[in-house]
Amino acid sequence: MATKYIFVTGGVTSSLGKGIISASLAKLLQARGFSVTIQKFDPYINIDPGTLNPYEHGECYVTEDGAETDLDLGHYERFLNVPTSQANNVTTGRIYYNVIMQEREGAYLGKTVQVIPHITDEIKRRMLLLGQTGEYDIVITEIGGCVGDIESLPFIEAVRQLRWELGVNETCVIHLTLVPYLKAAGELKTKPTQHSVRDLSEAGVQPDILVCRSEHHIPVELRKKIALFCNVKQNSVIESLDAETIYDVPLMMRKEKLDERVISKLKLPQRAEPELERWKEFLGRLKNPTAEVNIGLVGKYVELPDAYKSIVEAFVHAGAANECKVNLKWFQSETINDENVVATLQGLDGILVAPGFGERGFKGKLEAIRFARENNVPFFGICLGMQCAAVEFARNVLGLEGANSTEMDENTSHPVIDLMEGQKEITQKGGTMRLGAYSCELKKGSKAFSIYGKSKISERHRHRYEFNNEYIAAFEEAGMMATGINPDTGLVEVIELQSHPWFVAAQYHPELKSTVVNPHPLFTKFVKAAMNYTKSK
């Protein structure tokens with residue numbers, strides 16, 4: 001069977017949840033036995049989101065092959081339990097970069113390089129790339145931004161051309177739109193949807209299915225009206241209400257028969273009903289917890305929870321695995337100091353110090369770690385959180401005055417965290433960190449080993465600074481053990497405090513590999529430790 005292509009566009013407003021709808025549809029098709037992948041095309045000119053401030057765009061999600069990508073790829077992996085790669089996220093910047101590089105090499109034989117056909121050809125090439133591997137029955141392409149935006153136009157034009165070239169039953173366009181409720185009038189309004197579909201049609205693309213986001217049920221008369229004015233069949237007007245959790249959306253879309261409409265449009269062979277038993281079990285555990293814990297997330301981007309999206313979702317998976325409701329309490333590390341730390345953090349059952357870059361909020365993270373260490377509160381450090389744990393230990397246990405990371409103080413007398421030699425010459429910031437999957441060996445008998453249940457693991461990284469191995473002996477003598485080591489470089493990946501009930505910090509990002517089907521063991525056991533701590537209070 002030739003690969004089929006589904007395109008998901010959005011209109012009226014951004015943040016309607018194209019990523020969740022794409023992931024939910026993919027889950028339903030996967031549950032019917034099709035092999036599916038999802039890719040995200042972003043209209044911004046950054047080559048990748050790696051250099052974007054998390055306040056701008058939420059977290060930067062890292063794939064196995066070390067691509068810095070859009071956070072929607074995290075949803076794709078969490079829903080499908082299939083790894084994504086560099087090929088699954090493309091930006092306008094990347095498209096133009098590729099075309100310009102080819103032009104410089106003379107690939108266009110002196111022709112004038114233009115948006116059509118050169119840019120759109122490159123977009124089409126990237127849209128078809130995953131389908132040409134032969135691994136997938138269906139490729140879902142989510143197009144970022146809103147229909148009608150100038151920057152989205154080349155992508156919509158590429159979709160128009162592909163639909164024409166591939167044939168009528170080879171592609172399906174799903175348009176996500178908003179049906180707002182006017183409180184004063186007491187009614188739902190379809191005009192924004194009509195305008196949005198008109199914009200899409202003017203660009204030469206007629207949607208096959210409309211997914212209407214709404215806070216209220218859309219009655220049959222209104223669906224008829226939308227269908228009539230937007231040139232779609234009535235049963236292809238799909239209602240998408242606000243959900244209690246994003247993990248409800250696949251079942252809501254199943255109820256609305258979104259997957260059936262897509263199968264019918266693409267003339268796909270009818271496969272068995274979707275197999276969603278494990279998904280329903282997960283939702284059952286998630287919604288019926290038997291315990292509750294309060295976990296403090298200490299970070300510097302806490303005003304925008306999307307900056308820590310994968311961590312939040314990893315706690316959802318770990319909570320469900322433990323049948324425990326995890327209440328995340330957000331703490332801005334800039335506001336924590338030695339005077340208010342006890343008042344701020346007391347009453348928590350666990351403390352996680354989050355990843356990040358730069359000096360802002362660094363001292364607050366150190367205070368939070370000291371509080372967790374001295375009061376035996378379960379502690380989990382990720383990336384910069386692990387480096388902070390090392391600096392805090394060096395200062396307050398080993399008595400190394402002024403111990404620091406050279407990221408915060410280039411001239412520190414005790415660089416417990418330092419740049420690798422290979423990083424010292426780098427001037428370009430984008431895509432130059434230690435990125436993607438690296439292997440790690442866990443020491444037998446360590447807490448990390450018992451958590452994973454094996455000695456060889458592979459985890460994803462995104463960092464530039466490393467634990468300075470010159471300090472390992474002093475650390476271990478004082479009880480802070482390096483229990484995870486990269487076998488190729490000897491770099492420290494995991495540290496844990498022996499005299500503490502649960503004090504584990506990792507240089508890598510375990511949250512990136514947590515999925516509904518496979519909750520990450522570090523998060524699962526951290527939640528368990530928090531539950532035990534609550535009982536022991």
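Is Trp-330 buried, partly exposed or exposed? Trp-330 is partly exposed, with a relative accessible area of 30%; here buried means under 20% relative accessible area, exposed over 50%, and partly exposed in between (1.4 Å probe, protein chains only). The tour returns to this residue below.

The model is predicted: local features need pLDDT of at least 70, side-chain atom pairs count only at pLDDT 80 or more, and totals for chains, interfaces and linings use all residues. Residues are numbered from 1 along each chain as its sequence is written, and side-chain values use heavy atoms, with hydrogens and water left out.

**Stop 1: strand S1**

Select residues 4-10, which make up strand S1. Helices (H or I, at least four residues) and strands (E, at least two) are DSSP runs, numbered from the N terminus. Because 7 of the 7 residues of S1 are buried, the strand is largely enclosed by the rest of the structure. In a regular strand the side chains alternate between the two faces of the sheet. On one side of S1 lie Lys-4, Ile-6, Val-8 and Gly-10, and on the other Tyr-5, Phe-7 and Thr-9; both faces are covered.

Add strand S6 (residues 138-143), which runs parallel to S1 and is joined to it by 5 bridges. Then add strand S7 (residues 171-178), also parallel to S1 and joined to it by 6 bridges. Two strands pair if DSSP finds at least two bridges between them. Tyr-5 serves as a reference point for both pairings: its bridge partner is Val-139 in S6 and Thr-171 in S7.

**Stop 2: a nonpolar surface patch**

Select Tyr-96, Ile-100, Val-115 and Ile-116, which form a nonpolar patch on the surface with about 340 Å² of accessible area together. Helix H4 (92-104) and helix H5 (115-129) are the elements that give two or more residues to this patch. Such patches are made of residues with over 30% relative accessible area and no salt bridge, with like charges joined within 9 Å and nonpolar side chains (Val, Leu, Ile, Met, Phe, Trp, Tyr) within 5 Å. Accessible areas come from the Shrake-Rupley method with a 1.4 Å probe; for residues, only the protein chains shown count as cover. Ile-116 is found in helix H5 and is partly exposed, at 48% relative accessible area.

**Stop 3: salt bridges**

The structure holds 33 salt bridges, each being a side-chain nitrogen of Lys or Arg within 4 Å of a carboxyl oxygen of Asp or Glu. Three of them can be visited in turn.

- Select Arg-104 and Glu-103, whose closest N and O atoms are 2.8 Å apart. Arg-104 is exposed, with a relative accessible area of 64%, whereas Glu-103 is partly exposed at 31%.
- Select Arg-125 and Glu-122, with the closest N and O atoms 3.0 Å apart. The two residues are separated by about one helical turn because they are 3 residues apart in helix H5. Arg-125 is partly exposed at 39% relative accessibility, while Glu-122 is buried at 5%.
- Select Asp-259 and Arg-254, with the closest N and O atoms 3.5 Å apart. Both residues are buried.

Extend the last selection to Arg-32, Glu-260 and Glu-273, which are linked with Arg-254 and Asp-259 in a network of salt bridges.

**Stop 4: cysteines**

Why is Cys-172 without a bond to Cys-212? The closest cysteine sulfur to that of Cys-172 is in Cys-212, at 14 Å, which is too far for a bond. Cys-172 is buried, with 0% relative accessible area. Select next Cys-388, whose sulfur is 9.8 Å from the closest cysteine sulfur, in Cys-383, again too far for a bond. Cys-388 is likewise buried at 0%. The whole structure has 0 disulfides, a disulfide being a pair of cysteine sulfur atoms within 2.5 Å.

**Stop 5: aromatic rings**

A search of the whole structure finds 17 aromatic pairs. Rings of Phe, Tyr and Trp (its six-membered ring) pair if their centres lie within 6.5 Å; planes under 30 degrees apart count as stacked, over 60 as edge-to-face and the rest as tilted.

Select Tyr-308 and Trp-330: the ring centres are 6.2 Å apart and the planes are at 35°, so the pair is tilted. Tyr-308 lies in the loop between strand S12 (291-299) and helix H12 (309-321), and Trp-330 in strand S13 (residues 324-332), so the pair ties together parts that are 22 residues apart in sequence. Tyr-308 is buried, at 3% relative accessibility.

Move on to Phe-315 and Phe-526, a tilted pair with ring centres 6.1 Å apart and planes at 45°. Phe-315 lies in helix H12 and Phe-526 in helix H18 (residues 521-536), so this pair ties together parts that are 211 residues apart in sequence. Both Phe-315 and Phe-526 are buried. Finally, add Phe-380, Trp-502 and Phe-523, which form one aromatic cluster with Phe-315 and Phe-526.
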